[in-house]
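Here is a short tour of one protein chain, written for someone who likes to check contacts in a viewer. Please keep the structure open as you read.

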Amino acid sequence: MDLDALRTFCAFLETGSFTRAAQQVCRTQSAVSMQMKKLEQELGNPLFIRQGRQLVLSSSGVHLASYAKQLLALHDEAYKQLKTGGGQTRVRLACPDDYAGTVLPKVVALLHKHIPQLDLQISCAPTNQLKTQLDQGLLDMVIATRSPSSEEGYFLESSKGVWVKSAEFNYQSAMTLPVAIFQRDCKFHQAAIEGLLKAERPFNIVACCGSLSALTALVKANLAVGVMAEVSNTQELVTVTDSTLPPLPVIDIVLLHANHAHNPIKRELVKLIAADYALTL
């Protein structure tokens, strides 16, 4: 059955008039009459009978009336739930995977604290890619590393860079250092390479990794010494304390907020989340 025709039929039930029903469904009276005729043809029974000058429901019309409102109510509720995500607030959050094990869970917990009905979508990619997606309106918030000279975003925490190895790796200060580092856009990449060159420390780049999991796997397999933020070390890797290794910078981790009009997260809430995050440290 045509739902529009059922809606018109219900409008007649409520008003008792094709004229008023036509006004409620924003159709002409002739269009409403045509809808009812088609509905009668589809069902194979008359829905109305005339009593004097007035149209009233036939027995088939009374039978249909008991279902029509239920059908429309079910349709409207389904549409509402699917359209609005069941009343939930859909938030698209992303972060580099090197913060997924430590920073991300805290931010997620705070989002759920402040948004009771939360439909949270999480993705991971390098910071530069995520910033591009944020600018394109594809994301609502991003956990990211900000540039040293920038004040962008809302500060979450700082973390120093560290050299790490597996507990079994036989590290020696005089060895040619096998290094696993992140890609060139990582703040630690340039600092590590330039520092080793200036110190004239022999080294070999085992791999430039696009993810923390890849870098960590190489370190745990005793193939390399790794370079990462201290906050990213979730695999119980050992920090190398050799003073001859070049120092690594301290980075700021921030929460970036998209400015697109359909962002469900208001700037005031981002500020509140950042403030609450500081209490977890």
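## Strand β5 and its partners

Leu93 finds its bridge partner in β5 at Met141. That pairing belongs to a parallel arrangement, in which two bridges join strand β3 (residues 89-95) to β5. The model is a predicted one, so please read every distance below as computed from it.

With strand β11 (residues 250-257), β5 pairs in the antiparallel sense, over six bridges. If you want a place to start looking, Val142 has Leu256 as its bridge partner in β11.

How many of the six residues of β5 (residues 141-146) are buried? Six of the six are, so the strand is largely enclosed by the rest of the structure. Both of its faces are covered: Met141, Ile143 and Thr145 are buried on one side, and Val142, Ala144 and Arg146 on the other.

## The nonpolar cores

In soluble globular proteins, nonpolar side chains tend to be buried together. Here the largest nonpolar core has 57 residues, and Leu93, Leu111, Ile143 and Trp163 have the most contacts inside it. Helix α5 (residues 103-114) gives the most to this core, contributing six residues.

Leu111 is a good residue to click on. Not counting residues up to four places away in sequence, Leu111 touches Leu93, Leu118, Leu120, Met141, Ile265 and Ile273. There is also a second, separate core of 18 residues, which includes Leu6, Val32, Met36 and Phe48.

## Two buried polar side chains

Gln35 sits in helix α3 (residues 29-43). With a relative accessible area of 10%, Gln35 falls under the 20% cut-off and is therefore buried. Its side chain makes a polar contact with the side chain of Thr8, at 2.7 Å. Leaving aside neighbours within four places in sequence, Gln35 is in contact with Asp4, Ala5, Thr8 and Arg27.

Glu157, in strand β6 (residues 154-165), is one you may want to inspect. Glu157 is buried yet has no salt bridge, and the nearest side chain of opposite charge, Lys106, is 4.4 Å away. That distance lies outside the 4 Å limit used for a salt bridge. What does the side chain of Glu157 make a polar contact with? The partner is the side chain of Tyr277, at 2.5 Å. Beyond four places in sequence, the contacts of Glu157 include Val103, Val231, Ile251, Asp252 and Leu281.

## Salt bridges across the chain

Searching the whole structure turns up six salt bridges. One of them joins the side chains of Asp276 and Lys113 (3.6 Å, N to O). Asp276 lies in helix α9 (residues 267-278) and Lys113 in helix α5, so this pair ties together parts that are 163 residues apart in sequence. Asp276 counts as buried at 14% relative accessibility, whereas Lys113 counts as exposed at 57%.

Strand β5 comes back into view with Arg146, whose side chain meets that of Asp252 in a salt bridge (3.5 Å, N to O). Asp252 is in strand β11 and Arg146 in strand β5, so the pair ties together parts 106 residues apart in sequence. Asp252 counts as partly exposed at 25% relative accessibility, while Arg146 counts as buried at 10%.

Arg201 forms a salt bridge with Asp242, their closest N and O atoms being 3.9 Å apart. Arg201 is in the loop between α7 (187-198) and β8 (203-209), and Asp242 is in the loop between β10 (238-239) and β11, 41 residues apart. Arg201 is buried, with a relative accessible area of 9%, and Asp242 counts as buried at 15% relative accessibility.

Technical notes:
Residues are numbered from 1 along each chain as its sequence is written. This is a predicted model: local features need pLDDT of at least 70, side-chain atom pairs count only at pLDDT 80 or more; totals for chains, interfaces and linings use all residues. Side-chain values use heavy atoms; hydrogens and water are left out. A nonpolar core is a set of buried Ala, Val, Leu, Ile, Met, Phe, Trp, Tyr and Cys residues joined through side-chain atoms within 4.5 Å. Buried means under 20% relative accessible area, exposed over 50%, partly exposed in between (1.4 Å probe, protein chains only). Helices (H or I, at least four residues) and strands (E, at least two) are DSSP runs, numbered from the N terminus. Contact means heavy atoms within 4.5 Å. A polar contact is a pair of N or O atoms within 3.5 Å; within protein, one must be able to donate a hydrogen and the other to accept it, and residues adjacent in sequence count only if both atoms are side-chain atoms. Two strands pair if DSSP finds at least two bridges between them. Lys and Arg count as positive and Asp and Glu as negative; His and the chain ends are not counted.
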